[in-house]
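Me: Please examine the aromatic residues of this model closely, with attention to how their rings are arranged and which charged groups lie over them. A connected account would be preferred to a list.

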Amino acid sequence: MEFTEWIRGRTDEQLRALVSARPELITPVPAHLEGLAVRAASPSAIGRVLDRLDRFTLAVVETLAVQEGPVTKAALRGLVGRALAAGRPEPALSAALDRLRDLALVFGPDNALDLGPGVRKVLEEPAGLGPRAVEVFRHHPPEQLDEMADDIAPGSSGPGKERLAAALASPAALVEAVSPEARGALDQLVWGPPTGRVPNARREVRVASARSPIEELLARGLLAATGEESVTLPREVGLHLRGGRVHRDLLAVPPALAGTARDHELADRTAAGQAFSFVRSVEELCERWSVDPPGVLRTGGLGVRDMKRTATELDLPEWAAALVVEVAHAAGLIAAGGGVDGEWLPTSGYDLWRVRATADRWVTLAATWLHMDRVPGLVGERDDRDRPLNALHTDLRRASAPGVRTAALGVLAAAPGLAPTRDSVLERLAWEQPRRRGPLREQLTDFALREAEQVGVTGLGALSGHGRALVEGGDAAGVLAPLLPEPVDHVLLQADLTAVAPGPLTSELNRWMTLTADVESKGGATVYRFGESSIRRALDAGHGGEELLAMLARHSATPVPQALSYLVTDVARRHGRIRVGTASAYVRCDDPALLDQITADRRSAALRLRRLAPTVIASRSSRAALVDSLRAMGYAPVAESLDGDVIISQLDSRRTEGVAPVRAVASVNGLDPEVASAAVRALRAGDAAHLSRREPVDAPGGAVPRGPATATISALQDAIKQGVRVWIGYLDSQGNATSRILEPARMEGGYLTAYDETRAAVHRFALHRITGVAGL
């Protein structure tokens with residue numbers, strides 16, 4: 001059975017499974033099923049799907065690859081069963097064959113199983129076996145092959161290449177004739193890789209003149225020279241040395257995970273607490289960068305000093321702070337903006353995000369982390385040019401990162417309530433995706449496990465309930481919400497000018513406390529400390545003294561301490577008595593004695609102040625520099641505009657335009673089911689047209705269709721409504737009458753847009769050139 005005919009014989013459900021598992025086959029959608037078969041046999045498409053196979057399924061493919069042609073399922077069961085470390089190949093073999101058929105890697109019935117076209121070519125060294133003797137000796141001179149054949153197969157006739165291949169088909173006698181040293185050299189290549197390096201490999205040598213173990217093997221054809229210093233073990237010799245086994249050992253099921261059992265409820269509560277902390281860290285980052293945004297480096301990214309400062313402010317290790325920054329950026333909550341130099345600022349999307357429920361906010365962040373291609377764990381390392389990798393830099397992108405995170409969490413999902421060890425996770429991933437192994441993949445797996453705990457997807461190393469719902473596409477917010485701590489709307493004011501938050505504060509109260517007080521310590525309860533600078537910060541943002549006291553009284557479970565009340569009243573009384581405007585800058589105050597005190601202060605000498613009037617002092621400094629200098633001297637000035645109005649500092653309103661956040665894929669395979677169904681319908685329709693072009697359908701009477709224009713328009717409108725094909729007559733630019741098979745899509749502006757099945761493409765046809773329409 002041909003591969004294309006087998007594809008054509010698949011049901012619609014089987015074709016949907018194929019394009020869903022291999023979405024690259026319909027990007028774009030082929031014109032017909034023959035085109036789908038050709039694309040499925042391309043090396044790039046085969047390489048992608050082989051990378052997704054587990055170790056046992058890949059072993060089945062490799063076992064078929066070393067066979068000459070189609071084999072029966074019973075024969076395949078015997079070949080695979082020889083390599084199994086324990087157990088019998090069924091039912092794993094049947095499941096593997098079903099999956100391989102769904103992926104179009106294997107086709108045919110159970111009594112004639114074969115690999116799809118192109119698979120053997122992509123698997124250059126299946127199971128660590130070299131090429132066949134016919135291929136490995138292909139480039140050797142005929143004279144040399146004749147001499148080798150005469151040595152190892154005396155009395156045989158025919159071309160040397162064929163005689164040599166026939167002798168190597170049963171190499172037992174040749175292997176037994178070599179010395180123990182030569183046999184030891186063969187044993188090093190048995191289980192792969194099948195290639196080695198030796199000097200002067202191309203030098204011709206006969207069996208009688210061989211002096212070294214390698215020369216013995218080369219003279220008998222047990223090794224083949226493929227270069228000046230490279231040799232290869234022919235596949236027939238390798239299979240003989242393996243005793244007929246294609247693989248040394250094989251597991252039909254994934255290896256068991258080793259680790260520590262965790263209580264489900266404890267793991268879920270721990271993960272929920274970490275999820276809440278991660279959401280608050282992102283919120284705190286955006287609030288701080290609203291007030292004091294870091295600059296964008298000339299080469300892009302966030303500076304090392306800014307990264308260290310951010311980690312200190314968030315009270316997190318640098319790697320965890322980098323994770324917070326990267327996830328916030330990928331979610332579209334922060335972006336570069338702020339003018340020519342550039343600053344990292346929150347976006348307008350942050351304002352929409354922060355008013356949502358905590359569980360919904362976490363789902364946004366966790367889904368972004370799971371699907372983003374950026375790797376925060378690389379921050380602080382160096383690239384190939386020994387340059388540091390900064391946070392938010394474009395060099396942190398790794399295309400394989402989302403797949404590694406999904407695969408690692410999939411391993412955790414397979415063992416509910418277990419916190420597996422790192423080595424067992426890597427061993428399981430090596431079985432699930434053996435072709436994707438490597439140092440980078442191990443590093444990305446380490447990052448994924450560490451970051452999953454920080455984000456709150458796992459708790460105590462075990463996958464949480466809301467983490468499982470996130471991976472499987474369930475209602476993660478609904479699972480997480482009951483586990484989150486209830487936010488409190490009050491604090492406990494202390495006599496030592498501190499306030500204790502007995503739990504997580506509501507979003508608005510948290511923002512107000514962060515503005516009015518400085519965070520002194522975090523933990524089970526957050527401690528805030530009030531000071532002159534923090535109170536002045538709130539006053540600068542437009543809050544009055546009476547408003548601050550009223551807010552404190554409303555949100556405190558204890559009476560407002562007298563010391564705190566005095567502090568707020570005193571700072572508010574002095575705040576704004578001095579006004580600073582633009583002269584270059586001026587100082588205005590209704591109390592001349594206070595201005596006398598300023599001009600007499602030695603610390604004001606650098607400001608070069610000059611008295612213009614009893615209540616006004618001028619300075620050559622800028623308004624901002626003058627305000628900062630007076631505050632450093634212990635005064636509480638405010639800036640005023642040219643109209644004499646107080647300029648209120650909007651400390652939390654700086655925003656920039658955001659970038660599109662990372663979007664989660666619609667399904668596990670990255671292909672929407674409706675798209676798969678539409679693609680299959682298009683393939684079936686195109687294939688029917690493709691087959692009809694092989695056997696053309698004649699128009700009525702054998703002539704090009706002709707008819708009145710009104711009847712033509714009406715027939716085309718009916719065809720569009722019913723979705724049927726029609727046969728039309730069409731005049732080309734030279735006036736020649738041609739016929740086309742079309743599937744009309746729409747009519748507008750004097751043109752018909754239709755799929756031209758004659759040319760397998762979408763075209764526009766001028767309505768005045770259509771001579772008539774006939775049904776098919």
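Reply: A charge is taken to sit over a ring if NZ of Lys or CZ of Arg is within 6 Å of the ring centre and within 35 degrees of the ring normal. The model under discussion is predicted. In this model, R361 lies over the face of W353, at 5.1 Å from the ring centre. A second arrangement of this kind involves R764, which is placed over the face of Y751 at 4.5 Å from the centre of that ring.

W353 also takes part in ring pairing. Aromatic pairs number 5 in the model. For Y350 and W353, the ring centres are 6.0 Å apart and the planes meet at 35°, so the pair is tilted; the tilted class holds what is neither under 30 degrees, which is stacked, nor over 60, which is edge-to-face. The sequence positions of the two residues bear on this as well: Y350 and W353 belong to helix α19, which covers residues 348-354, and because they are 3 residues apart there, about one helical turn separates them. Y350 and W353 are both buried, a term that denotes under 20% relative accessible area. W353 therefore combines a tilted partner, Y350, with a charged group over its face, that of R361.

Elsewhere in the chain, aromatic residues are also grouped: one cluster is formed by F3, W6 and F107.

Key:
Residues are numbered from 1 along each chain as its sequence is written. This is a predicted model: local features need pLDDT of at least 70, side-chain atom pairs count only at pLDDT 80 or more; totals for chains, interfaces and linings use all residues. Side-chain values use heavy atoms; hydrogens and water are left out. Rings of Phe, Tyr and Trp (its six-membered ring) pair if their centres lie within 6.5 Å; planes under 30 degrees apart count as stacked, over 60 as edge-to-face and the rest as tilted. Helices (H or I, at least four residues) and strands (E, at least two) are DSSP runs, numbered from the N terminus. Buried means under 20% relative accessible area, exposed over 50%, partly exposed in between (1.4 Å probe, protein chains only).
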